[in-house]
Amino acid sequence: MSDFAADAERIMAWADELAAFTEEPGKLTCTFLTDAHQRTALWLADTMRACGFDEVRRDDIGNVIGRYGADAGMIDPRRVVTGSHYDTVRDAGRYDGRLGILLPMALVARLSAQGRRLPVDLEVVAFAEEEGVRFGSTYLGSSAFVGRFDPALLERADASGVTVREAVQAAGGDPDALARPATAPSPAIAHYFEVHIEQGPVLLDAGQPLGVVTAIAGAERRRLHLAGTASHAGTTPMHLRRDAACAAAEIVLAVEGLCANVPGLVGTVGQLSVPDGAVNVVPGACVLSLDVRAGADDVRDAALARIDAAIDAITAQRNIDCGRQTLLRGPAVPCDVSGQAAWQRALSAVNVPAYALPSGAGHDAVMMSSVTPVSMLFVRCGNGGISHNPREIVDVADVALALAATHAFLLEGAGLGA
Ligand code: HGY
Ligand code: MN
Ligand code: MN
């Protein structure tokens, strides 16, 4: 049994425990500041304390932050932060985000039990919101953590009309504190790293248990509001219709076609609805989401320009009005070169071949990169690499290797951010 096997088993058991906190019995759905989310936060805080963190706190947005101080002999130790998000998409897998919280927690528990300290002040942050499911805006947890929370988002309402302000208040946070001009993190953060499942098939296809992330794709998310004319399905002749759903269908296929043959470019319409639709009514309105990403911002933006032109042509030809709302626009983020090198050294220290790959998924590291150099370690996913799906899976042996690599990375951590 590898030296970290017991710690890895513990992480898998913790992930199973957390999966029980859900809004939908039989599935894992844990969206921002719901009861399930708050029970998850309490579990994380209690378990961090049991792991031996020197202090554990919950901030106003709901981030749970554990601090494990450096070796007393270190003069002016660097502040190194790690973590990931504990909110989930609907009917989610149980490792997306959570692995990046539970793994450093297990490492601290191991160090604490051995009476050992690191050469850095380590903070493990369970970010409260990254997916953007409930309020349509992502990185609420990490943006608050780095002092870049957008106060305008406090008035953003969810599907039932509850605002971020009301949800924060009901969960015991102070929304006015989030609205105050924030200062940069102090003391300064020397480095942020995140351990995350790959959420894709690259490591699996390469036969690699771990990989070092080179860059995180830049994303733009929008909501399109198409307006036609609701009319009687039985009496409106086909040539007299202003059918918003047919326009949407053409747009969905246009997005697929325009993103299909460009390396590293992806385009997705993940949500599509006919508000107040009925079987016997020609759709007068249709709301659809748009998510376009690429490893380089100019590639993404060129694709968006082509998609906009297609939307203009389709809606003009069908006499449909189109409103466009940008929900998120994040740049592609290169990972810190010295951080990547430190991870490659850590992989070598645990006899895992060096491997590097880009991230198509967004991560809290995108927001953290606004205040500090960032690095990421990916862990192989099974089941074809599927994620954002209950079939998401990681192998406990790969988790043990990720623990060993992160342990090696942190023992050398004093040099991070030098
Ligand atoms: O959508 C993403 O890239 C991430 O899983 N939130
Ligand atoms: Mn996710
Ligand atoms: Mn994630």
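Reader: What makes Phe127 count as buried?

Author: This is a predicted model, and in it Phe127 has a relative accessible area of 0%. Buried means under 20%, so Phe127 is buried.

Reader: How do you know whether Phe145 is buried or exposed?

Author: Same test. Phe145 comes out at 10% relative accessible area. The cut-off for buried is under 20%, so Phe145 is buried as well.

Reader: Why is the contact between Phe127 and Phe145 called an aromatic pair, and what makes it edge-to-face?

Author: Two values settle that. The ring centres of Phe127 and Phe145 lie 5.8 Å apart, and rings pair if their centres are within 6.5 Å. The planes of Phe127 and Phe145 make an angle of 85°, and over 60 degrees counts as edge-to-face. Phe127 lies in strand S4 and Phe145 in helix H4, so the pair ties together parts that are 18 residues apart in sequence. Tyr192 joins in too: with Phe127 and Phe145 it forms one aromatic cluster.

Reader: What makes Phe193 and Phe409 an edge-to-face pair?

Author: Here the centre-to-centre distance is 5.1 Å and the planes are 65° apart. Set those against the limits, within 6.5 Å for pairing and over 60 degrees for edge-to-face, and the Phe193–Phe409 pair meets both. Phe193 sits in strand S5 (residues 191–197) and Phe409 in helix H12, 216 residues apart, so this pair links distant parts of the chain. As for burial, Phe193 has a relative accessible area of 1% and Phe409 has 2%, so each counts as buried.

Reader: How do you know which residues hold the manganese ion (ligand 2)?

Author: Asp96 (OD), Glu131 (OE) and His388 (NE2) coordinate it at 2.1 to 2.2 Å. A donor has to be within 2.8 Å of the metal, so these three qualify. Along the chain, the donors follow the spacing D-x34-E-x256-H. Glu131 lies in the loop between strand S4 (121–127) and helix H4 (140–145), and His388 in the loop between strand S16 (374–379) and helix H12 (396–411), so the pair ties together parts that are 257 residues apart in sequence.

Reader: Why is Glu131 called buried and His388 partly exposed?

Author: Glu131 has 8% relative accessibility, and buried means under 20%. His388 has 42%. Exposed means over 50% and partly exposed is in between, so His388 is partly exposed.

Reader: What makes Asp96 a bridge?

Author: Asp96 coordinates both manganese ions, ligand 2 and ligand 3, which are 3.4 Å apart. For ligand 3, the donors are His85 (NE2), Asp96 (OD) and His196 (NE2), at 2.1 to 2.3 Å. Asp96 and His196 are 100 residues apart, Asp96 in the loop between strand S3 (79–85) and helix H3 (99–114) and His196 in strand S5. Both Asp96 and His196 are buried.

Reader: How do you know that Glu130, Arg221 and Gly362 make polar contacts with ligand 1?

Author: A polar side-chain atom of Glu130 lies 3.0 Å from a nitrogen atom of ligand 1. For Arg221, a polar side-chain atom is 2.9 Å from an oxygen atom of the ligand. Gly362 uses a backbone N or O atom, 2.7 Å from an oxygen atom of ligand 1. The limit is within 3.5 Å, so each of these distances passes. The protein covers 93% of the 210 Å² of accessible area that ligand 1 has on its own.

Technical notes: Residues numbered from 1 in each chain as written. Chains lettered and ligands numbered in written order. Predicted model: local features only at pLDDT ≥ 70, side-chain atom pairs only at ≥ 80, totals over all residues. Heavy atoms only, no water. Donors = N, O, S within 2.8 Å, 3.2 Å for Na, K, Ca; no water. Helix = DSSP H or I, 4+ residues; strand = E, 2+ residues; numbered from the N terminus. Buried < 20%, exposed > 50% of the residue type's maximum accessible area, 1.4 Å probe, protein only. Phe/Tyr/Trp six-rings, centres within 6.5 Å; stacked < 30°, edge-to-face > 60°. Polar contact = N/O pair within 3.5 Å; in protein donor to acceptor, adjacent residues only side chain to side chain. Areas by Shrake-Rupley, 256 points an atom, 1.4 Å probe, with all protein chains shown as cover.
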